[in-house]
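Please walk through the packing of helices and nonpolar cores in the structure shown here, going from one contact to the next.

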Amino acid sequence: WLEDGEGWLHPEWVGEGGAASSPASPGAVPRSGLGWLANHAGWRANCALEPYSHPVAGAVACVRVLPGRCVAVGDELLVSYRHLPELREARLPPWYAAQLSLRAEDGYYAQLRRAPPRVVFEAPSAAEPNATVRVVEHGPWRVLWVGRVEQGMTFHEREEGTEEGRGESPPALVPLAVGFDYQRTMVAAAAALTARFGASPPPPPHALVVGLGAGSCAAALHALGCAVTAFEYDAAVLAAAASAHGVRFERLSRRAGGAGFDPPPRHRNGPRPLCVCEADAAEADAWGRAAFDLALLDAYDGRGDVPAHLQREPFLEGLSRVLRPGGFALANLWNGSDRARAECARFAAKLRAAVGRVYVLRVAGHEQNVILLACRPGERQGSESTCDVLRERLAAAAAAAATDCPEPALVQTIRSCASSLTEWSECEA
């Protein structure tokens, strides 16, 4: 990345493998190589620093675009400095120490390179053939793996002076620190649209979570005052969520005759506990007569795919029946290829037919993910939510959360939801 006296040199864009390092015109004399000024971005880097033999300057580093990336005019060149994870604590640059302490996905990936992995749970999957359920710790983060697929993660704080493995309990779960950006987007939208922030929030909404995983979404919604019922069909995942991720829940028992589950006993001295059903949410009798204000669809199999039966009409029609008027459903989908976009469009059409109007929330920094938000019409004629109404509700929740929520990443995500929300029909082209 060199200067020739006439200004900065760059082509219209630099394609995969391109290196911004040579003067554009014959006879131009390079005065300085400024690739070392590229900012560190860890896993979000679009370039790499590589050795380069310059005819005048000798051995230097050049900035080369990573495979699969294109950098357009105006885009920042971002790299990953490989020496940072090896530095001693006392020599860490303040900005990198701040990145390590982030209670969001960037913080996890920074810890992933610095903190050695430690397996804290391992058991055969009860649902995926030949797959192992593992929980791996990297610093304060615990990540759930089913086979070779990450299925969720949780953030933990250990009390000073304690060390697990000597009769001490595992480090405490911090439920509002939702690590994966897409899961935090789902939680942020759900909490904002049910008005969980402010001086006098309404009565607790009943949330349905399809796919418990590490329990981060369910635990966060419960901590925000929601009554939560989660469905998880893998007993090994349930055991991992309880013992390694520190998620406290009560199991629901199936009713005699199989029509749904008995509710938990009422707790006189506290809120309703987080409840979990060990079952496939698509079973015809799974929900019984339950009613929900919101639903999060976050189920994946051992290959990282959404189970096909959870995207078919019978499941979505059943979901619509148990959503109260004015309720809504959120679903995360991969949207990073032509095939994925076509599948996303088909699912959005089914969701609209079964539930109601469909909107899109973008996941900041993950342009290949989309969150679909389907809103069931209210009881009053013409009470269907519009894009403007939803944006106003999200913006109001962001303002309330700024003084009421202790997790900055969650507040920022609510703001991002308010600015990114669009109706699906505007996006599908």
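Two residues are said to be in contact when heavy atoms of theirs lie within 4.5 Å. The model is a predicted one, and under that criterion L373 touches L193, F328, A329, L330, R357, V358, Y359, L390 and L421, where residues up to four places away in sequence are not counted.

L373 also belongs to the largest nonpolar core, which has 61 residues, and together with L221 and L330 it touches the most other members. The element that gives the most to this core is α3, with nine residues. Apart from this core lies another, of 35 residues, which includes L208, A299, F315 and V355.

Helix α3, which spans residues 181–193, can be followed into two helix contacts. With helix α4, residues 216–223, it packs at an angle of about 25 degrees, the axes being 10 Å apart. Angles under 35 degrees count as roughly parallel, and α3 and α4 are therefore described as roughly parallel to each other, while their crossing is right-handed. On the α3 side the contact is made by Q183, V187 and A190, and on the α4 side by S216, C217, A220 and L221. Sorted by class, the contact of α3 with α4 has five nonpolar and two polar residues, with no charged ones. L221 of α4 is thus met a second time, having been named among the residues that touch the most other members of the largest core.

The second contact joins α3 to helix α8, residues 387–404, at an angle of about 95 degrees and with the axes 9 Å apart. Angles of 65 to 115 degrees count as roughly perpendicular, and that is therefore the relation between α3 and α8. Here A189, A192 and L193 in α3 meet L390, R393, L394 and A397 in α8, and these residues divide into six nonpolar, no polar and one charged. Both L193 and L390 appeared earlier in the list of residues that L373 touches.

A further helix pair is formed by α6, residues 313–322, and α7, residues 338–354, whose axes come within 9 Å and cross at roughly 40 degrees. The two helices are therefore oblique to each other, and their crossing is right-handed. In this contact E313, L316, E317 and S320 in α6 meet F347, K350, L351 and A354 in α7, and by class the contact has four nonpolar, one polar and three charged residues.

Methods
Residues are numbered from 1 along each chain as its sequence is written. This is a predicted model: local features need pLDDT of at least 70, side-chain atom pairs count only at pLDDT 80 or more; totals for chains, interfaces and linings use all residues. Side-chain values use heavy atoms; hydrogens and water are left out. Axes are lines fitted to C-alpha atoms, for helices over the stretch in contact, and angles run from 0 to 180 degrees between N-to-C directions. Helices (H or I, at least four residues) and strands (E, at least two) are DSSP runs, numbered from the N terminus. Angles under 35 degrees count as roughly parallel, over 145 as roughly antiparallel, 65 to 115 as roughly perpendicular and the rest as oblique. A crossing is left-handed if the near helix is turned anticlockwise from the far one by less than a right angle, and right-handed if clockwise. Ala, Val, Leu, Ile, Met, Phe, Trp, Tyr, Cys and Pro count as nonpolar, Asp, Glu, Lys and Arg as charged, and the others, Gly among them, as polar. A nonpolar core is a set of buried Ala, Val, Leu, Ile, Met, Phe, Trp, Tyr and Cys residues joined through side-chain atoms within 4.5 Å. Buried means under 20% relative accessible area, exposed over 50%, partly exposed in between (1.4 Å probe, protein chains only).
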